[in-house]
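This briefing sets out the main features of the structure shown below. The points are grouped by topic for reference at the bench.

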Amino acid sequence: MTDKEVVISDRTANPAPLGLLGFGITTVLLNLHNAGLFPINSMIIAMGFAYGGIAQILASVMEYRKGNTFGTVAFGSYGLFWWSLVLLLMIPNIRFIETTGTAAAAADPTSMAAYLFMWGLFTLAMFIATLKLKRGIQVIFISLAILFFLLTAGEITGSAMITMVAGYEGIFTGAAAMYVGLAEVINETYGRNVLPT
């Protein structure tokens with residue numbers, strides 16, 4: 001009897017493009033609103049729940065299966081960020097008939113500033129981990145941290161100008177994520193680096 005070596009290769013797809021595109025496209029759309037181009041509406045809420053939320057959570061689970069802690073934490077966290085943001089926007093419009101017959105109060109600027117600031121701190125810490133990753137991922141995370149801190153400043157000051165600047169910076173952040181996600185799809189499809197990341 002002879003021993004045979006069995007090699008198991010990972011034939012599962014790369015989940016990062018799905019997560020990056022779910023994050024990127026939804027971030028661009030929300031920040032078109034922050035830039036003052038249109039009011040918040042059901043399109044943003046639906047995209048936040050579905051593509052920003054579900055797609056990233058699915059990518060997180062797939063990254064977990066691949067043993068990628070960074071991808072698991074990043075996509076899971078930002079997918080749930082989108083769900084929490086959708087809930088923040090929706091809950092004040094839901095009537096709690098069983099208890100008081102009134103809706104829960106909307107988050108005030110101070111609580112929204114705390115929410116956004118904590119996400120900024122989390123993102124800044126995640127940026128440190130990206131220093132061992134591709135440059136494109138580094139750009140996404142540092143620009144996202146800046147976005148959260150700008151949005152925090154906008155909430156604290158009530159300045160429409162700061163929020164508008166944050167909107168344009170957020171469009172850049174989302175576009176960077178879209179670029180890296182699409183570059184990974186194109187590069188893997190062609191089997192070579194067509195687009196640098």
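What covers the buried residues of α3? The cover includes α1, α2, α4 and α5. The model is predicted, and its chain contains 6 helices and 2 strands. Along the sequence these elements follow the pattern α-α-α-β-β-α-α-α.

**Overall form**

- The C-alpha atoms of the chain fill a box of roughly 75 × 40 × 30 Å along the principal axes.
- The chain has 197 residues, and 39% of them count as buried.
- Among contacts in the chain with a separation of 6 or more, 65% are accounted for by residues 24 or more positions apart.

**Helix α3**

- Helix α3 has 22 residues, and its first and last C-alpha atoms lie 31 Å apart, close to the 32 Å expected at 1.5 Å a residue.
- At the start of α3, Asn 68 places a side-chain oxygen within 3.1 Å of the backbone nitrogen of Phe 70.
- The buried residues of α3 include the aromatic-bearing positions Phe 70, Phe 75, Tyr 78, Phe 81 and Trp 82.
- Gly 71, Gly 76 and Gly 79 are also among the buried residues of α3, as are Ala 74, Ser 77, Leu 85 and Val 86.

**The largest pocket**

- The largest pocket holds about 500 Å³ of space.
- Its lining comprises 26 residues, and those nearest the centre of the pocket are Leu 30, Asn 34, Leu 85, Met 112 and Glu 155.
- At least two lining residues come from each of α1 (16–34), α3 (69–90), α4 (109–130) and α5 (135–157).
- By residue class, the lining of the largest pocket consists of 18 nonpolar, 6 polar and 2 charged residues.
- Leu 85 thus appears in two lists: it is one of the buried residues of α3, and it is one of the residues nearest the centre of the largest pocket.

**The second largest pocket**

- The second largest pocket has a volume of about 400 Å³.
- This pocket is lined by 22 residues, with Ala 16, Leu 20, Phe 75, Ile 137 and Glu 184 nearest its centre.
- Two or more residues of this lining are given by each of α1, α2 (42–65), α3, α5 and α6 (160–190).
- Helix α3 provides the largest share of the lining, 5 residues.
- The lining of the second largest pocket divides into 12 nonpolar, 6 polar and 4 charged residues.

**Glu 63 in helix α2**

- Glu 63 lies in helix α2.
- Is Glu 63 buried or exposed? Its relative accessibility is 5%, under the 20% limit, and Glu 63 therefore counts as buried.
- Beyond residues up to four places away in sequence, Glu 63 touches Pro 15, Ala 16, Asn 68, Gly 71, Thr 72 and Phe 75.
- Two of these contacts, Ala 16 and Phe 75, are also among the residues nearest the centre of the second largest pocket.
- Glu 63 and Ser 9 are 54 residues apart in sequence, and their C-alpha atoms are 16 Å apart in space.

**Ser 143 in helix α5**

- Ser 143 is located in helix α5.
- Ser 143 counts as buried because its relative accessibility is 4%, where the limit is under 20%.
- The side chains of Ser 143 and Thr 173 are joined by a polar contact of 3.1 Å.
- Setting aside neighbours within four places in sequence, Ser 143 is in contact with Glu 169, Phe 172 and Thr 173.

**Helix α6 and the segment after it**

- Helix α6 has 31 residues and reaches 44 Å from its first C-alpha to its last, close to the 45 Å expected at 1.5 Å a residue.
- The N-terminal end of α6 is capped by Ser 159, which has a side-chain oxygen 3.3 Å from the backbone nitrogen of Met 161.
- Just after α6, Gly 191 adopts a positive phi of about 70°.
- Thr 197 belongs to the segment after α6.
- Thr 197 is classed as partly exposed because its relative accessible area is 25%, which lies between the 20% and 50% limits.
- Not counting residues up to four places away in sequence, Thr 197 touches Lys 134, Arg 135, Gly 136, Val 180, Ala 183 and Asn 187.
- Thr 197 and Leu 32 are 165 residues apart along the chain, with their C-alpha atoms separated by 25 Å.

Methods. Residues are numbered from 1 along each chain as its sequence is written. This is a predicted model: local features need pLDDT of at least 70, side-chain atom pairs count only at pLDDT 80 or more; totals for chains, interfaces and linings use all residues. Side-chain values use heavy atoms; hydrogens and water are left out. On a 1 Å grid over the protein atoms alone, a cavity is a set of points where a 1.4 Å probe fits but cannot get out, and a pocket is an open set with protein on both sides within 12 Å along at least five of seven lines; lining residues have an atom within 4 Å of a point. Grid points are joined across faces, edges and corners, and a volume is the space filled by probe spheres set on the points. Helices (H or I, at least four residues) and strands (E, at least two) are DSSP runs, numbered from the N terminus. Ala, Val, Leu, Ile, Met, Phe, Trp, Tyr, Cys and Pro count as nonpolar, Asp, Glu, Lys and Arg as charged, and the others, Gly among them, as polar. Buried means under 20% relative accessible area, exposed over 50%, partly exposed in between (1.4 Å probe, protein chains only). Contact means heavy atoms within 4.5 Å. The expected span of a helix is 1.5 Å times one less than its number of residues. A polar contact is a pair of N or O atoms within 3.5 Å; within protein, one must be able to donate a hydrogen and the other to accept it, and residues adjacent in sequence count only if both atoms are side-chain atoms.
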